[in-house]
Amino acid sequence: MAAATHGAIPNNPPLPTAIPIRGRQLHHGRDLAVFFTLHQAARWRLHRHRAFQIILLSETARGTTFWRGPKGKLVRRPFKGAQVWIVPPGLDHAAHLEADAAIVVLLIRERFISRITTEPLSQASLEPLSHYVHADEVVSVLGRLFLGFCQQAQMLPKEYIVDAGATLAHHVVAAHLAPREHVRSQQRGLAPSVLDRAKHQLRERMVEGCDLNALARSLHMSSGHFGRMFKLSTGCTPGDYLSNLRREKAEELLPSGRYQSVTEVAHAVGCYDHSHLNKLFRKKYDLPAGLFLRKRSEP
């Protein structure tokens with residue numbers, strides 16, 4: 001079904017598209033149109049638009065995107081979870097959605113882009129929404145909120161939707177223009193403030209156990225991306241870092257005399273039992289916890 005174009009401001013004809021966009025048009029503003037759909041698994045044929053597009057795919061999205069590269073070769077990018085897909089004007093692109101997903105499409109006029117940059121935007125990109133926490137945290141936070149706004153659009157003024165969409169589009173474009181800085185962020189891992197927050201939560205939840213998936217979500221990342229960036233920053237995975245915290249704490253408690261057995265020390269640092277604690281010590285010292293203590297106590 002072709003998107004409706006009613007509500008356009010005089011002297012601002014509907015944003016041009018080469019094919020109809022399927023979905024419910026939430027608002028058509030001066031420089032930006034917002035479309036929303038709960039899209040079923042489907043294939044989009046290769047097509048192009050004459051407007052700049054920012055496509056937001058929700059957490060349930062899974063599939064593959066395609067677009068023409070600089071030399072005409074078809075670029076293929078699989079994805080899973082919340083994504084930001086940027087498609088410049090006139091670029092052939094297609095997609096295969098393997099699962100139902102909420103999708104928001106922002107169609108943007110060239111004059112909107114020109115107020116942000118004079119650089120030509122000719123390269124497409126597909127990034128998990130969480131990746132933008134390095135380039136611009138507003139994108140990560142507002143992107144998730146905006147998907148929610150669109151799902152509740154009937155309860156919100158149309159101007160509210162388009163203003164939020166324009167704010168999000170501005171931040172996405174600005175982040176898209178800094179690929180080198182984004183790559184450097186990826187190479188060096190988590191930002192210092194984010195790493196400090198992650199380490200603090202791991203220390204605080206060492207004993208009762210830390211849900212790493214929940215920790216990643218609290219930092220606006222997928223668990224996989226968080227694990228990769230944490231390892232780049234520290235040299236170990238979040239799980240290994242937590243194990244090291246437990247072993248180091250056990251090394252303090254074992255000789256203290258406050259506990260009657262290795263099992264009690266194991267429970268005090270968040271291990272299941274003495275076997276779990278022994279495994280951590282063997283990994284580092286090739287000795288079980290009790291033998292490690294005796295050897296360290298020897299004159």
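Before looking up bridge partners I noted the rule I would rely on, that two strands pair if DSSP finds at least two bridges between them. I also kept in mind that this is a predicted model.

**Strand 4**

I began with strand 4 (residues 52-57) and its neighbours, and found that strand 4 and strand 7 (residues 83-87) run antiparallel and are joined by five bridges. Looking up single partners there, I saw that Ile54 has Ile86 of strand 7 as its bridge partner. I then turned to strand 9 (residues 101-108), which pairs with strand 4 over six bridges, again in the antiparallel sense, and where Ile108 stands opposite Phe52.

Next I checked the side chains, and noted that Phe52, Ile54 and Leu56 point one way from strand 4 while Gln53, Ile55 and Leu57 point the other way, all of them buried. Because six of the six residues of strand 4 are buried, I recorded the strand as largely enclosed by the rest of the structure.

**Helix 11**

I moved on to helix 11 (residues 274-285) and tested its length: at 1.5 Å a residue its twelve residues should span 16 Å, and since the end C-alpha atoms lie 16 Å apart, the two values agree. Among the residues of this helix, I listed His276, Leu277, Asn278, Leu280 and Phe281 as buried.

At the N-terminal end I found Asp273 acting as the cap of helix 11, with a side-chain oxygen 3.1 Å from the backbone nitrogen of Ser275. Beyond the other end, just after helix 11, I noted that Asp286 takes a positive phi of about 60°.

Terms used:
Residues are numbered from 1 along each chain as its sequence is written. This is a predicted model: local features need pLDDT of at least 70, side-chain atom pairs count only at pLDDT 80 or more; totals for chains, interfaces and linings use all residues. Side-chain values use heavy atoms; hydrogens and water are left out. Buried means under 20% relative accessible area, exposed over 50%, partly exposed in between (1.4 Å probe, protein chains only). Helices (H or I, at least four residues) and strands (E, at least two) are DSSP runs, numbered from the N terminus. The expected span of a helix is 1.5 Å times one less than its number of residues. A polar contact is a pair of N or O atoms within 3.5 Å; within protein, one must be able to donate a hydrogen and the other to accept it, and residues adjacent in sequence count only if both atoms are side-chain atoms.
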